[in-house]
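Here is a short report on a ligand and its surroundings. Look at the structure first, then read on.

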Amino acid sequence: MDYSLYIDGKWCQAKDGKTVPVTNPANGQVIGSAADATAEDVVSAIEAAHKAFPLWAAKSARERSEILYKAYQLMLERIDEIARVLTMEQGKPLAEAKGEVLYAADYIQWYAEEAKRVYGDVIPATYTNKRIFVFRQPIGVIAAITPWNFPAAMIARKIAPALAVGCTAIVKPAEQTPLTAGKLVEVFHDAGLPAGALNLVTGSKPSMIGQTLLADSRVRKVTFTGSTPVGKLIMKQAADTVKRVSLELGGHAPFIVFPDADLELAASQVIASKYRNAGQTCICTNRIYVHEDVVDDFTEKFVAKVKELKIGDGLEEGVQIGPLIDEEAIKKVDRHVQDAISKGAQLATGGRQLGGLYYEPTVLCGVTDDMLIQQEETFGPVAPIQIFKDEKEVIQKANNTPYGLASYLFTQDIARAFRVAEALEYGIVGINDGAPSTAQAPFGGVKESGMGREGGKHGLEDYLEIKYISLGGVDKK
Ligand code: NAP
């Protein structure tokens, strides 16, 4: 399967004809290719988006909504085809890939509906001869740079609200997962999106593509999902043209089990939160804190479930843990495990590389603050358990990180649930819930996990400018 660039409503090769191979992390086989964009191609995409902006923005909200709604329907019709490609280039089990396509489609449906609800304000003025109005208008051309771990959802979450309000977009997906991006763009093309409203640039030179997009003053906003170091670089580069910036960056989620928690629920939810996509999600549990009174009971239930997880090629029936994305990922996971063991942690299960890009689902007990795994995002199938004694101590530990994306707490005490949720310095808190992401809710982080929100009514604000209009002379006849 091969995808070219999509610029101004047409599929086209890179100017120099170069392509980049796409491999399946489950077996290393080449499964297709994507065009390797040049700087000239990126500029063509900007020109197309810039030309299309006034036309797309001038359409009625209902017209934009109808095209998004059609795209949503096409996503559902093509779910099997898109999910298969997603699994083949990214590695996640097919059932998870289908879940991701549905999740991506949810955003498109949600914003097809929200497109009609971009309201302004009328504010009472101080003087009787004046009227004050606030309009909300689309920002303009936006650039969306996305990661490999959710190749469908991260694109949908950005372009659905952008297109809904009248922005035009240039999408740059991760080098490992351009084929799913191609499938999504095909969906919008077939849904009748006008030429130039959505453009796709793929390639092997992210820094060139990023710089070209960021240096161009016609691009009014950049929305980025990926690692914190690249996010910081993008924020700096956006400063020269004072672009609006949204960043969805790394996480280091704590998962806190209080002594009054439903331990069966906590054990099953941490499986969902930790091992989804083999631990390669930004809201994955990265540190598990369990109260000393229940740690043995919780660990027994949890480890029994981890031992049952089936590992293998995501296309095989019943597989729950696929390969990691590349060699670097395997090395990082193993470094975290070996470092923890060398500092006194005990392996409750797992801890082995299984050949290729597979790593055994692992649980570490007796983890302490000085271990790497308690300080960095692991992005792999390793669950470290640390014991705590009291609420104040665990809140302090949970917040002791530069990250602030997702956090989880399990308790049956409603007062504790709210007290702790309010004290956690995180953009998202799951109370007795290990899977809080949904199209209706604002997803995003604080501190070095980013800025801006995706999803829900809040997700529209990131693509809108506020315009204040003052009308004078109203009392003159
Ligand atoms: P990454 O290396 O930062 O890459 C993300 C995207 O940025 C890719 O498209 C990448 O292109 C591009 N990129 C890399 N260097 C760039 C540069 N100098 N200028 C412009 N673009 C550049 O992140 P990743 O490894 O793909 O993704 C994993 C990270 O994403 C984790 O930290 C995870 O927590 C985070 N994440 C966050 C969220 C969230 O919502 N907060 C969601 C998912 C993932 P190439 O692929 O060509 O390198």
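## Where the ligand sits

The ligand lies between domain 1 (2–249 + 445–469) and domain 2 (253–431), because both give residues to the shell around it. The domain bounds come from an automatic or database domain assignment. This is a predicted model: local features need pLDDT of at least 70, side-chain atom pairs count only at pLDDT 80 or more, and totals for chains, interfaces and linings use all residues. Residues are numbered from 1 along each chain as its sequence is written, and side-chain values use heavy atoms, without hydrogens and water.

The ligand has 31 residues around it (a heavy atom within 4 Å). Thr 146, Glu 175, Ser 227, Leu 249 and Glu 377 come nearest. Three of these residues make polar contacts (N or O pairs within 3.5 Å) with a ligand oxygen atom.

| Residue | N or O atom | Distance to ligand oxygen |
|---|---|---|
| Thr 146 | backbone | 2.7 Å |
| Glu 175 | backbone | 2.8 Å |
| Ser 227 | side chain | 2.6 Å |

Taken alone, the ligand exposes 900 Å² (Shrake-Rupley method, 1.4 Å probe). The protein buries 88% of that.

Notes. Polar contact = N/O pair within 3.5 Å; in protein donor to acceptor, adjacent residues only side chain to side chain.
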